[in-house]
Amino acid sequence: MEFHNDRTSKGASQSSIGSSGGGAERFSSASTSSDNIELQPRLPAKAKVTFDRVPNAYDPTQLRVKKGQTVLVTQKMSNGMYKAELDGQIGSVPHTYLRFTAVSE
């Protein structure tokens, strides 16, 4: 029985270490995401498309883009998407598909 109690106490100490480590990881990722918010330029701004995207056929407001294209982002929408222009067409693109280019001036 003493052996069984030792295993229980070891298990409890390991789980408390694991949970405190998880909290530290969550904190560090939160600070990283806040850094990304500061890097967004004033709009309108140019952005490179990072992935091909074929939008939902039932939503005509979304823009079809291909990796490597440059779009002009005109507005950040409240749903996490950007309104962008490509070859005269205007539509929405998820923020995860865009990387803003540095201003060359």
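The structure contains an open sheet of five strands, arranged in the order E4-E3-E2-E1-E5 with antiparallel pairing. Because strand E4 (89–94) and strand E5 (98–100) stand at the edges, each with a single partner strand, one side of each has no neighbour in the sheet. From one strand to the next, the twist averages 45°, with angles running from 0 to 180 degrees between the N-to-C directions of lines fitted to C-alpha atoms. Strands count as paired if DSSP finds at least two bridges between them.

This is a predicted model, in which local features need pLDDT of at least 70 and side-chain atom pairs count only at pLDDT 80 or more, while totals for chains, interfaces and linings use all residues. Residues are numbered from 1 along each chain as its sequence is written, and side-chain values use heavy atoms, leaving out hydrogens and water.

Strand E1 (residues 45–49) pairs with E5 in the antiparallel sense over three bridges. Here alanine 47 lies opposite phenylalanine 100 in E5.

The protein chain holds one helix and five strands, in the sequence pattern α-β-β-β-β-β. These elements are DSSP runs numbered from the N terminus: helices are H or I of at least four residues, strands E of at least two.

Totals for the protein chain are as follows.

| Property | Value |
|---|---|
| Buried share of the 105 residues (under 20% relative accessible area, 1.4 Å probe, protein chains only) | 19% |
| Share joining residues at least 24 apart, among contacts (heavy atoms within 4.5 Å) between residues at least 6 apart in sequence | 45% |
| Exposed area (Shrake-Rupley method, 1.4 Å probe) | about 8,300 Å² |
| Part of the exposed area supplied by carbon and sulfur atoms | 53% |

Key:
Buried means under 20% relative accessible area, exposed over 50%, partly exposed in between (1.4 Å probe, protein chains only).
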